[in-house]
Amino acid sequence: MNVSLNWLKYYLDTELEPEITADILTNTGLEVESKKVYDPGSEGLADLVIGEILTCEKHPRADNLWVTKVNTGQGKPLRIVCGAPNTAAGCKVVVAPPGSKLKIGGKTEIIEKTSIRGEVSEGMICAEDEAGLGSSHEGIMILEKSAVPGTPAIEYFEAVADHVFEIGLTPNRIDAASHIGVARDLAAFLGQTGQVTLKKPPVEGFKIDNNSNHIDVEIENISACPRYSALTVSRIKTGPSPQWLQNLLRATGHKPVNNIVDITNFVMLETGQPLHAFNADKIEGKKVVVRNLPEGTPFVTLDNEELTLSAEDLMICDTRKGMCIAGVYGGLESGINEETRNIFLESAHFNPVSVRKTAKRHGLTTDASFRFERGADPNITVYALKRAAMLIKEIAGGEISSEIVDVYPEPIPNPIIKLTYKNLYRLVGEIIDPSLIKQILKSLEIIIRNESEAGLLLEVPAYRTDVTREADVIEEFLRIYGYNRVSVSDSVNSTISYAQKPDREKIFNTIANMLSSKGFHEIMTNSITKSSNYSGQPVFPEANLARLINPLSADLDSLRQTLLFGGLETVAYNVNRKNSDLMLYEFGNVYRYNDKKGKRGTLDNYRETECLSIILSGNTGKTLWNEKGREFDFFDLKGYVEAVILRIVNNAETIKAEEAENELFSECLRYSSGNNVIAWCGKVGRKLLKQFDIPRDVFAAEINWTELVNISASQQVVYNEIPKYPEVSRDLAMMLDRNVKFANIKHIAFRTEQKLLKSITLFDVYEGEKIEKGKKSYAVNFILQDPGKTLTDKQIDDTMEALAKAFEKEAGAIIRR
């Protein structure tokens, strides 16, 4: 939001330097992100003069050019060739004589006498953007007939330099989305030393001239429109705004349109209350109805764009048609133009959620919707209406031709909050004079309803939508009082805390560092995703999505059930940009709705789980002269998954791995502990790859990080002395049924020999013609070690014999001796 320093001075008697003003605003919570000087003279206005087109003839050698003679009040008229379609004799215009400097397209151009298609041109007639007075280039600027040729443009436009602050307005501070709101904070800060007070424009002089053009108002949807205030002004003269008004609008980045529209914009930027002016003669039935129109109703906006309305869109209608999308955008038919003589002026309060949904639905963002979405002041509608009506009478003439219609069936109450000095002192960290506390709160327009030695009973304005608790009031006081004024204690206090086990942050960093050291890249994908990804998915049913009540868009309407889809989107993005060798991991939360636990919408129906995803695709490395790269396979992924599990869980026997069916994968392995699934990993199926437009194999795993860390909490870390005695390696060959897995062999081995067996490794698998059909051959290596002594041949032989018999008995193995 742009704030003009010159504009602020309308409400504050202060001569603060711009730099000091910016520092005060930032320190009180309105961060000044940038500041600039708005100087129309520096944009080239200083060299321009007012002229009058005396004659205008077609260029003899160009269809779209005009040859004009322009009186600039400096002797002989200038001969100027112009291509603007609105060029006409008798117009008062802005002229850049030869030698003038203009900023055009960011570059300084010197206007020179030249020849255009054989005709001499002594200067240029300026459009709005060329004069540095706006952005329009639709034609030359046409001035009022009272403009005097020869008048310097900088004098005619009453152009003065201004300092403009760009404030990064946070969503909770909509009260500062106006110059009076910003001035209020400045006055509260400066008022601590008695320097300045806030001066609001008075409206006591408002009076109704007659009731000749009364228009009734009816609200059918009170929840979407709690308050609607309006009046009519008749016999106005629509035309350009005075220069002071145009200058203030331009300084804040707004293009002047006409006096009526400019006044509504001015009052909005002044007070924060959006207004809308309708052509009263276009309101059929002399009645305005605030209601919803049927689904699919067409509506043409001010910029001549046709929209198809939703039944949820709140509309401002007459007895026959919709005239305006409430709080968002005006309609073409009831808009203000040069022929408008009677207006209906609206100052309403609309429900923030209703406005935001409508604006997002149609992709419209306006100054009005920006304010209504965040919660405008419901109690300022009549003040803003009176202020605008008085300005219209002053600038555009006319008469206030109706009583103020103020439909407010259910007034919105101001919050009542109890503030105790004890809590304020505790949170601020020091004792503060109660008189200063009361002064600052009053300067913020917080009403003191009652006071005692213990504290204050406060009434907070409804426009402070973020101040609802005692802590909020204390924060309001402190930001004006000044965080930098709170003294820093010389003492240091500390609390001895017990670190809860397991240390989740430490485990997180350990695994993240391990994966990164192995060549993985960490990714972070959006937890808000599109529900269409889950359409027809049996593993993650669409019915289990946690949906957003007020989604940002159709593509961001639900919380993710899995990290897999975000990872596949990342793979597709990289593959499309020729980065196809990928090793990715992501920590993130997934969300699931379960309607079996009760009524939808209660927190018990939703589950949030932290997960870790691992994704491999492409080649393991680059092909070099002495080494060939290969593609990732299922066993690469399995190795990384088990490395993560074993790094956290000391006793690997608590985790069981087994093949499982999964609609998303063509090959899938599931890891579980008891009845709880710890992880799954596999090769992503072709159907899912096609859905994300990925042309190559992808291997993915998702680990239930919450469950895995919880398992580690029940395990103890035991440290053993490094063995002094050597290991012994023995191999064993066996023939097995094809359905026997190595995991079965490993489980049998460790259960049979729990003391001496340290590790078991499968180093060869054979299936072929030389062995019986349905069988396979395993070659397994065993590492034996006794930490207390050197193993004897007898111990080794006995151990291997026991293992062989266990394999024969439990796995049906045939040992090849």
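## Two loop residues with positive phi

In which loop is the place of Asn304? Asn304 sits in the loop between strand S17 (298–300) and strand S18 (306–308). This is a predicted model, and that is worth keeping in mind while we walk through it. Asn304 is not a glycine, yet its phi is positive, at about 65 degrees. Is Asn304 buried or exposed? With a relative accessibility of 55%, Asn304 counts as exposed, because exposed means over 50%.

Arg235 is another residue to look at in this way. Although Arg235 is not a glycine, its phi is positive, at about 60 degrees. You can find Arg235 in the loop between strand S14 (227–234) and helix H5 (243–251). Arg235 has 56% relative accessibility and therefore counts as exposed.

## A buried serine before helix H4

Now turn to Ser178, which belongs to the loop between strand S12 (162–167) and helix H4 (179–190). Its relative accessible area is 2%, so Ser178 is buried, the cut-off being under 20%.

What surrounds Ser178? Leaving aside neighbours within four places in sequence, Ser178 is in contact with Met1, Met268, Leu269, Glu270, Thr271 and Gly272. Its side chain also has a polar atom 3.0 Å from the backbone nitrogen of Gly181.

## Helix H6 against helix H9

Glu270 and Thr271 turn up again in the next helix pair, where they are among the residues of H6 that meet H9. Helix H6 (residues 259–271) and helix H9 (residues 381–396) have axes 10 Å apart and pack at an angle of about 145 degrees. Their crossing is right-handed.

Which residues of H6 and H9 meet? From H6 come Asn259, Ile260, Ile263, Phe266, Val267, Glu270 and Thr271. From H9 come Tyr383, Ala384, Arg387, Ala388, Leu391, Ile392, Ile395 and Ala396. Sorted by class, the contact of H6 with H9 has 11 nonpolar, two polar and two charged residues.

## Strand S13 and its parallel partner

Strand S13 (residues 216–219) shows an alternating pattern of side chains. Val217 and Ile219 point to one face and are buried, while Asp216 and Glu218 point to the other and are not.

S13 pairs with strand S16 (residues 287–292) in the parallel sense, over four bridges. Here Ile219, one of the buried residues of S13, stands opposite Val290 in S16.

## An open sheet of three strands

Further along the chain is an open sheet of three strands, in the order S25-S27-S26, with antiparallel pairing. Which strands are at the edges? They are strand S25 (416–420) and strand S26 (447–451), each pairing on one side only. From one strand to the next, the twist averages 30 degrees.

Within this sheet, S26 and strand S27 (residues 455–459) run antiparallel and are joined by four bridges. Ile447 has Glu459 in S27 as its bridge partner. Helix H10 (residues 421–428) packs on the sheet and touches S25 and S27, with a direction that makes about 70 degrees with that of S25. Helix H12 (residues 470–481) also packs on the sheet, touching S25 and S27, and its direction makes about 70 degrees with that of S25.

## Helix H13 against helix H15

Here is another helix pair to explore. The axes of helix H13 (residues 504–517) and helix H15 (residues 634–648) cross at roughly 145 degrees and come within 11 Å. H13 passes H15 in a right-handed crossing.

On the H13 side, the contact involves Ile507, Thr510, Ile511, Met514 and Leu515. They meet Ala643, Val644, Arg647 and Ile648 in H15. By class, this contact of H13 with H15 has seven nonpolar, one polar and one charged residues.

## A hairpin and its neighbouring strand

Our last stop is a hairpin formed by S35 and S36, with two residues between them. Gly674 lies in the turn and has a positive phi of about 65 degrees. Strand S35 (residues 665–673) and strand S36 (residues 676–684) run antiparallel, joined by eight bridges. One bridge partner in S36 is Asn676, which is matched with Ser673.

S36 also pairs with strand S37 (residues 698–704), in the antiparallel sense and over five bridges. For Lys683, the bridge partner in S37 is Phe699.

Note on methods
Residues are numbered from 1 along each chain as its sequence is written. This is a predicted model: local features need pLDDT of at least 70, side-chain atom pairs count only at pLDDT 80 or more; totals for chains, interfaces and linings use all residues. Side-chain values use heavy atoms; hydrogens and water are left out. Axes are lines fitted to C-alpha atoms, for helices over the stretch in contact, and angles run from 0 to 180 degrees between N-to-C directions. A crossing is left-handed if the near helix is turned anticlockwise from the far one by less than a right angle, and right-handed if clockwise. Contact means heavy atoms within 4.5 Å. Ala, Val, Leu, Ile, Met, Phe, Trp, Tyr, Cys and Pro count as nonpolar, Asp, Glu, Lys and Arg as charged, and the others, Gly among them, as polar. Buried means under 20% relative accessible area, exposed over 50%, partly exposed in between (1.4 Å probe, protein chains only). A polar contact is a pair of N or O atoms within 3.5 Å; within protein, one must be able to donate a hydrogen and the other to accept it, and residues adjacent in sequence count only if both atoms are side-chain atoms. Two strands pair if DSSP finds at least two bridges between them.
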